[in-house]
Amino acid sequence: MDVRELRLGNYVDNNVEIFKLEAKDLIFLLAFDNEHYANPIPLTEEWLLKFGFEKEIDCGSEYWTIQIGNNLHLTISLEDNTAGIDLNWKSQGSLIWMMVKHIHTLQNVYYSLTGEELEVK
């Protein structure tokens, strides 16, 4: 994983436990470039539910959604171990589409859109 993708508060796996990055962890990663200290966590239904996303089914397709503003929702569809993020405003369709495979990327996108941390509920 590229350390430049990480921010304080991102969840990562160090092959022993899943933990939330603190400043000391980022300093360690930058100083020693230890690729085994922080591994990405795959995006799964379990994690989406932990973050407060709600599961919905539409036309036989499953997706998870969370409100991020007035009439603005972040919607994720998991397929082939990847996720597409689809922003809808007043049900007018896609504004942004991108692929997200890991928890830290979802956390970073959420923070960029809301200015708030995506926390486990």
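This report covers a hairpin, two nonpolar cores and one buried loop residue in a predicted model.

**The β4–β5 hairpin**

Strands β4 and β5 run antiparallel and are joined by five bridges. One of the pairings puts I66 opposite L74 in β5. Two residues lie between the strands of this hairpin. N71 takes a positive phi there, near 55°.

**Nonpolar cores**

The largest nonpolar core holds 17 residues. F51, F53 and L106 have the most contacts inside this core. The hairpin strands contribute: β4 and β5 each supply at least two core residues, as do α2 and α3. A second core is separate and has eight residues, including V3, L6, L21 and A38.

F51 also shows which parts of the chain meet around it. Beyond four places in sequence, F51 touches Y11, I66, I103, L106, Q107, L118, E119, V120 and K121. I66, one of these contacts, is the bridge partner of L74.

**N39 in its loop**

N39 sits in the loop between α1 and α2. Is N39 buried or exposed? N39 counts as buried because its relative accessibility is 18%, and the cut-off for buried is under 20%. The side chain of N39 makes a polar contact of 3.1 Å with that of N15. Further contacts of N39, again beyond four places in sequence, include M1, V12, D13 and N14.

The elements named above span these residues:

| Element | Residues |
|---|---|
| α1 | 23-32 |
| α2 | 45-50 |
| β4 | residues 61-69 |
| β5 | residues 72-79 |
| α3 | 103-114 |

Key:
Residues are numbered from 1 along each chain as its sequence is written. This is a predicted model: local features need pLDDT of at least 70, side-chain atom pairs count only at pLDDT 80 or more; totals for chains, interfaces and linings use all residues. Side-chain values use heavy atoms; hydrogens and water are left out. Two strands pair if DSSP finds at least two bridges between them. Helices (H or I, at least four residues) and strands (E, at least two) are DSSP runs, numbered from the N terminus. A nonpolar core is a set of buried Ala, Val, Leu, Ile, Met, Phe, Trp, Tyr and Cys residues joined through side-chain atoms within 4.5 Å. Buried means under 20% relative accessible area, exposed over 50%, partly exposed in between (1.4 Å probe, protein chains only). Contact means heavy atoms within 4.5 Å. A polar contact is a pair of N or O atoms within 3.5 Å; within protein, one must be able to donate a hydrogen and the other to accept it, and residues adjacent in sequence count only if both atoms are side-chain atoms.
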